[in-house]
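Here's a quick briefing to read alongside the model. Have the sequence and the 3D view open, and follow the topics in order.

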Amino acid sequence: MRIYGDGPGEASIRRPECVYAELVGGPLDGQLLDVTGWDAQQLLDGALLICESGMYGPGGRSDYAGRPNDAGRLYWQGDMP
């Protein structure tokens, strides 16, 4: 799986000391996000991730947030400019 933030053509290497959440749905579907050090509330709140392929193109953001009892995934909420 590709890790969010790796550049095009870069090999995605999972680091054993890191904790990852899978991005589900939307333009970043299937990528992993490094959530090392995030607490339970941060996982629920999620993140706005820069996404070149979202609705707003380069510079736009995709909103991903967690769900209770599903700490290993962040779900797409929509895109923002």
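Asp70 counts as buried in this predicted model, because its relative accessibility is 19% and the cut-off for buried is under 20%. Even so, Asp70 has a charged partner: it forms a salt bridge with Arg73. From there you can trace a small set of charged residues, then move on to a loop, a buried serine and the nonpolar core.

**Salt bridges**
- The structure holds two salt bridges.
- In the one between Asp70 and Arg73, the closest N and O atoms are 3.7 Å apart.
- Glu22 and Arg73 also meet through their side chains, with an N to O distance of 3.9 Å.
- That second pair ties together distant parts of the chain, since Glu22 sits in strand E1 and Arg73 in strand E5, 51 residues apart.
- Taken together, Glu22, Asp70 and Arg73 are linked in a network.
- How exposed is Arg73? Arg73 is partly exposed, with a relative accessible area of 36%.
- Glu22 is partly exposed too, with a value of 24%.

**The loop at Asn69**
- Asn69 lies in the loop that runs between strand E4 (61–65) and strand E5 (73–80).
- What is the backbone doing there? Asn69 has a positive phi of about 65 degrees, although it is not a glycine.
- Most residues other than glycine have a negative phi.
- Is Asn69 buried or exposed? Asn69 counts as exposed, because its relative accessibility is 85% and the cut-off for exposed is over 50%.

**Ser62, a buried serine**
- Ser62 is found in strand E4 and is buried, with a relative accessible area of 0%.
- Which side chain does Ser62 pair with in a polar contact? The partner is the side chain of Asp79, at 2.6 Å.
- Leaving out residues up to four places away in sequence, Ser62 touches a list of residues that includes Pro27, Trp76 and Gly78.
- Leu28, Ala47 and Leu49 are also among the residues that Ser62 touches, and these three belong to the largest nonpolar core.

**The nonpolar core**
- The largest nonpolar core has 11 residues in all, among them Ala21, Leu23, Leu33, Val35, Leu43, Tyr64 and Leu74.
- Which elements give two or more residues to this core? They are strand E1 (20–24) and strand E3 (47–50).
- Cys51 is another member of the core, and Ser62 touches Cys51 as well.
- In soluble globular proteins, nonpolar side chains tend to be buried together.

How values were computed. Residues are numbered from 1 along each chain as its sequence is written. This is a predicted model: local features need pLDDT of at least 70, side-chain atom pairs count only at pLDDT 80 or more; totals for chains, interfaces and linings use all residues. Side-chain values use heavy atoms; hydrogens and water are left out. Helices (H or I, at least four residues) and strands (E, at least two) are DSSP runs, numbered from the N terminus. Buried means under 20% relative accessible area, exposed over 50%, partly exposed in between (1.4 Å probe, protein chains only). A nonpolar core is a set of buried Ala, Val, Leu, Ile, Met, Phe, Trp, Tyr and Cys residues joined through side-chain atoms within 4.5 Å. A salt bridge is a side-chain nitrogen of Lys or Arg within 4 Å of a carboxyl oxygen of Asp or Glu. A polar contact is a pair of N or O atoms within 3.5 Å; within protein, one must be able to donate a hydrogen and the other to accept it, and residues adjacent in sequence count only if both atoms are side-chain atoms. Contact means heavy atoms within 4.5 Å.
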